[in-house]
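Hi,

Here is the structure I promised to send over. Have a look at it first, and my notes follow underneath.

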Amino acid sequence: MRRTRTLTAVLALAAGLLVGSPPALAASTPKSTLAADTYTWKNARIDGGGFVPGIVFNRSEKNLAYARTDIGGAYRWQESSKTWTPLTDSVGWDDWGHTGVVSLASDSVDPNKVYAAVGTYTNSWDPGNGAVLRSSDRGASWQKADLPFKLGGNMPGRGMGERLAIDPNKDSVLYLGAPSGKGLWRSTDSGVTWSQVTDFPNVGNYAQDPSDTSGYASDNQGIVWVTFDESTGTSGSATKTIYVGVADKDNAVYRSTDAGATWTRLAGQPTGYLAHKGVLDAKNGYLYLAYSDKGGPYDGGKGQLWRYATATGTWTNISPVAEADTYYGFSGLTVDRQHPGTVMTTAYSSWWPDTQIFRSTDSGSTWTKAWDYTSYPNRSNRYTIDVSSSPWLTFGANPSPPEQAPKLGWMTESLEIDPFNSDRMMYGTGATLYGTEDLTKWDSGGQFTVKPMVQGLEETAVDDLASPPSGAPLLSALGDIGGFRHTDLTKVPSMMFTSPTFTTTTSLDFAETNPNTVVRVGNLDSGPHIAFSTDNGANWFAGTDPSGVSGGGTVAAAADGSRFVWSPAGTGVQYTTGFGSSWSASSGIPSGAVVESDRVDPKTFYGFKSGKFYVSSDGGATFTASAAAGLPSGDSVRFKALPGTKGDVWLAGGASDGAYGLWHSTDGGASFTKLSGVEQADTIGFGKAATGASYQALYTSAKIGGVRGIFRSTDKGASWTRINDDAHQWGWTGAAITGDPRVYGRVYVSTNGRGVIYGDTSDTSGGGDGGGGGSTDPTPTGACTVTYKITNQWSGGFQADVQLTNTGGSAWSGWSLGWSFADGQRITQLWNADYTQSGAAVTAKNVSWNGTVAAGSSVGFGFTGSWSGANTKPTSFRLGDQTCTVG
């Protein structure tokens, strides 16, 4: 996926069970003194949706693998369920750039250790520097080493690598290739500290487009991979021979033969190309190099593949096809570690008619292709492809040969054969992660089967969300793959929105009193930028663009669906009756305004632009600027009107150098009152009211009480409950939020790379917020139930979740849970509670924000620990002087 959207001053960016992931990187975050609720967080399943530029298998432990994404964080493979577990959800608002992962490294000496080099942009779009995250529990928790420069997980060249590498003989030594002319860096203390390798002679010089004034395409792509020759070292001593790839077409590969003390350009190497990958087969003494004339991941016109004999210095061109016949670069390079003479590579930049995968079983002397032409345009495939688990991967297309749907892939910069299983291969594309488990059928003349191996890896950027009062519970507007209608949040929808299929949907809305009427707008290279549905988003038809439209912008549907107001990119605000067969220009409102509708009066629409709120009472024909003052002066604002009450408007937004927060109007925007307790707010949404409450629940991504988080209010904003925790932050969540009008407590949260997150409360009673009620007795005496679940286990370590439920008749205002381990387990990190451990005995106590537990409600915490011999679950838990039932 070509994700180049930015998070600028206006913040214009667009799994499985996630409960219990540890709060890595968040230790310094102040704890909220507000009320808190225990939520279960999951993804609305899409299965994929974004570019997977890196897949890393551990070389010493079977089934241990990681994937990195350009904006959506890192994941670990779960062999038992064939799913991916997200590892970086604890990245918070201020460090949102650390959701871009430019490189991963898994330690073959100690498989519990894993490292991630993080940072999204090297230009001004990301204000923060990069970092190297290190984990000793397979990414369950992290520590961070800040770097004095930026990293570019979503920059050009992000498919090259891996830029981060661990010495396979002495794992305290790591190298990191930096962009932007910052050179080669080294750590000798397992990633705790880093220093530049000052003797490394070349910082790189290649930029995709040196004339790009934004700094995005003009950045020097720098040092792009590091590869060790493990045969030149012994356990405990540093590996002597190291190869480094540099973004320099004339000097692409360097070598050290003295453990990094000195470096020289590798003699006789090809020129005119960038080496995307350098993969070493130590058994046969070959370094394989995949070359392209561009940095990727979506550009490349010519390429070559070379083999370097490490003992003799002989270079051999082993390109699968003649250079003259390439229209792509080579990447996705891998060696079968069970049969090192087997090598594979990809034509990563071949979009049309399809990507190509090449395979050799004789160290590159001869090659076969994943597909070939019989008689053009007909082709014969060595594979079958089954996307029944993610049927939207056809993109609703029915192309003419030689193109096929679904495609084998595109942007295929990462392809890896499982080092323990010659039949398993995984590779990343621009929209998913594919794999096969019968790869060797390629060699025997059969067809191997390609399927998505992506469940749990959710990587989409969310621009807008809607939860209608009837029909599908969730409609989404997404970057790159348009958006979906979820009738079941736990299942992958059969298709994204089509007719037309937008590359990115920027805004959508439904008619509040007629939810079957839905409108969406978005970006498309050619064709209309607006579409309508009369069946709640199940089927669509294109509208007609007014003159000058160049992009989606924002759109609003009248409460009864009789008319629409559209603020597209490229021209001014427009309005129409019916379904947009003709449009008229609205007056009194500036171009680029954000537009929304009143949810009761079908002729009332609202707009906002540069500190001014605008109101139309004639269906969008004319707008009048409100006299309301003190609103944010910038355009980083989202606002919504409350369903069921005319003129009830909530507005969130601002910037740290000006007005910032949450405002409420009860007179249709004529005046606004700023909520004094909300320091910052970026989104606002509504959901089903709590039991006994007279006002709908409010949801916001905000800073309240000094804490950044996702908050809910059931009393019109008088008090707030933080409903996420430090383990579940998902970077930037400022695009959209909505509650569910049918399910109390359910909230849908937008992310910029982790898809649509939804949360459900443990407070099944639907009680209100505030945290002031309940028993004043600090020692709970009522009945309790405990559920103890081991969520992950590996050699010497494990992760567990504990849920404590108040099954008594009165609330707790504090709790202390004790148990003993039978096998000498030790807690290494615990989140969402304070704890002490003495020998086998453990006591976990509430923190300031989760001590109040209503009758019938639950509170949860999680931890990582160590074990040896056995890891028996505790069989008895005590709450104060009470023994809890074990669930």
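Before anything else, please keep in mind that this is a predicted model. On the whole the confidence is good to work with on paper: the average pLDDT for the protein is 93, and 94% of the residues reach at least 70. Two stretches are another matter. Over residues 1-33 the pLDDT stays under 50, although the model still gives that stretch 134 contacts beyond four places in sequence. Residues 770-779 also stay under 50, with 14 such contacts in the model. Where pLDDT is low, the predicted coordinates should not be read in detail.

Now the overall picture. In terms of secondary structure, the protein has 72 strands and one helix. The C-alpha trace spans about 80 × 75 × 50 Å along the principal axes. How does the radius of gyration of the protein fit with a compact globule? For 887 residues a compact globule would come out near 29 Å, and the protein has 28 Å, so the two agree. Of those 887 residues, 61% count as buried. The exposed surface is about 28900 Å², and carbon and sulfur atoms supply 47% of it. As for charge, there are 78 negative and 65 positive side chains, and the centres of these two sets are 2 Å apart.

Next, some individual spots you may want to click on.

Let's start with Val450, which sits in strand E33 (residues 448-452). Is Val450 buried or exposed? Its relative accessibility is 0%, and because buried means under 20%, Val450 counts as buried. Which residues does Val450 touch, once neighbours within four places in sequence are left aside? Its contacts are Tyr383, Thr384, Ile385, Asp386, Leu408, Tyr427, Tyr434 and Gly435. For a sense of distance across the fold, Val450 and Leu151 are 299 residues apart along the chain, and 33 Å separates their C-alpha atoms.

Two of those contacts of Val450, Thr384 and Ile385, carry numbers that fall in strand E29 (383-385). The loop between strand E29 and strand E30 (415-417) has a couple of things to look at, starting with Pro402. The peptide bond from Pro401 to Pro402 is cis, with omega near 10 degrees. Ser388 is in the loop between E29 and E30 as well. With a relative accessibility of 59%, Ser388 counts as exposed. Ser388 and Gly119 are 269 residues apart along the chain, with their C-alpha atoms separated by 34 Å.

There is another cis bond to check, from Trp352 to Pro353, where omega is near -5 degrees. Pro353 belongs to the loop between strand E24 (343-347) and strand E25 (356-360).

Then the backbone angles. Asn63 is not a glycine, yet its phi is positive, at about 70 degrees. You will find Asn63 in the loop between strand E3 (54-57) and strand E4 (65-68). Its relative accessibility of 24% makes Asn63 partly exposed. Arg138 is not a glycine either, and has a positive phi of about 65 degrees. Arg138 lies in the loop between strand E9 (131-135) and strand E10 (143-146). How accessible is Arg138? With a relative accessible area of 4%, Arg138 is buried.

Arg754 is one more arginine to look at, in the loop between strand E59 (747-749) and strand E60 (757-761). Its relative accessible area is 4%, so Arg754 is buried. How far is Arg754 from Val462 in space? They are 292 residues apart in sequence, but their C-alpha atoms are 8.6 Å apart.

Finally, Trp93 is in the loop between strand E6 (83-86) and strand E7 (101-106). At 13% relative accessibility, Trp93 counts as buried. Trp93 and Gly428 are 335 residues apart in sequence, and the C-alpha to C-alpha distance is 27 Å.

If you only open a few views, I'd pick Val450 with its contacts, including Leu408 and Tyr427, then the cis bond from Pro401 to Pro402, and then Arg754 with Val462, 8.6 Å apart C-alpha to C-alpha. And do remember that residues 1-33 and their pLDDT under 50 are in the picture too.

Cheers

Key:
Residues numbered from 1 in each chain as written. Heavy atoms only, no water. pLDDT = per-residue confidence, 0-100. Contact = heavy atoms within 4.5 Å. Helix = DSSP H or I, 4+ residues; strand = E, 2+ residues; numbered from the N terminus. Rg over C-alpha atoms; globule rule 2.2 N^0.38 Å. Buried < 20%, exposed > 50% of the residue type's maximum accessible area, 1.4 Å probe, protein only. Areas by Shrake-Rupley, 256 points an atom, 1.4 Å probe, with all protein chains shown as cover. Lys, Arg positive; Asp, Glu negative; His and termini not counted. Charge placed at Lys NZ, Arg CZ, Asp CG, Glu CD.
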